[in-house]
Amino acid sequence: QVHLVESGGGSVQPGGSLRLSCAASESVFAINGMGWYRQAPGKQRELVAAVTSTGNTRYADFVNGRFAISMDNAKNTVSLQMNSLTAEDTGVYYCAAETAPILLLDPKFSSWGQGIQVTVSS
């Protein structure tokens, strides 16, 4: 497993932006994919976006062009730029990583961060 540390969460007003970052510790094996999930109060954890080491991406339907995920293979980091945030985006956001190949249609991750709070409120 890979140790992951998220940063960049916080509070923002509706319509605002936040950038989440996640740094992975050194791994014996190359990281093949990383992703962001979120969990709102009373709801199940859901995929927000995922990216492979080759640059392919997948977004949840609710993203609707507002977020952008990117991965820096050399630094083992993944970022999530979130724009036009709404109250429905409030939740705990989790970073995930996988050293095995992943399928973007159904990604499976074995390493998870502790989660970081994102609150969108006026």
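Which residue in strand 5 does Met34 stand opposite? In this structure, which is a predicted model, Met34 stands opposite Val51 of strand 5. The pairing to which the question leads is that of strand 4 and strand 5, which is antiparallel and extends over six bridges. In the hairpin that these two strands form, six residues lie between the strands, and Gly42 takes a positive phi near 80 degrees.

Strand 5 is also joined to strand 6, residues 57-59, by three bridges, and these two strands likewise run antiparallel. Here Ala50 stands opposite Arg58 in strand 6. The hairpin of strand 5 and strand 6 has four residues between the strands, and within this hairpin Gly55 takes a positive phi near 95 degrees. Strand 5 is largely enclosed by the rest of the structure, because six of its seven residues are buried.

Met34 appears again when the interior is considered, since the largest nonpolar core, which has 28 residues, counts Met34, Trp36, Leu80, Met82 and Tyr93 as the residues with the most contacts inside it. At least two residues of this core are supplied by each of strand 3 (18-24), strand 4 (33-39), strand 5 (46-52), strand 7 (67-72), strand 8 (77-82), strand 9 (91-98) and strand 11 (116-120). Strand 3 gives the most to this core, with four residues. Apart from this core lies another, of seven residues, which includes Tyr37, Ala50, Ala96 and Leu104.

The surroundings of Tyr93 can be described in detail. When its neighbours within four places in sequence are left aside, Tyr93 is in contact with Glu6, Leu20, Trp36, Tyr37, Arg38, Val48, Leu80, Met82, Gly115, Ile116 and Val118. Among these partners, Trp36, Leu80 and Met82 are, with Tyr93, named among the residues that have the most contacts inside the largest nonpolar core.

The structure holds one disulfide, which is formed by Cys22 and Cys95, with their sulfur atoms 2.0 Å apart. Because Cys22 lies in strand 3 and Cys95 in strand 9, the pair ties together parts that are 73 residues apart in sequence. The torsion about the S-S bond is about -85 degrees, and the disulfide is therefore left-handed. With a relative accessibility of 2%, Cys22 counts as buried, and Cys95, at 0%, counts as buried as well.

Terms used. Residues are numbered from 1 along each chain as its sequence is written. This is a predicted model: local features need pLDDT of at least 70, side-chain atom pairs count only at pLDDT 80 or more; totals for chains, interfaces and linings use all residues. Side-chain values use heavy atoms; hydrogens and water are left out. A nonpolar core is a set of buried Ala, Val, Leu, Ile, Met, Phe, Trp, Tyr and Cys residues joined through side-chain atoms within 4.5 Å. Buried means under 20% relative accessible area, exposed over 50%, partly exposed in between (1.4 Å probe, protein chains only). Contact means heavy atoms within 4.5 Å. A disulfide is a pair of cysteine sulfur atoms within 2.5 Å. Two strands pair if DSSP finds at least two bridges between them.
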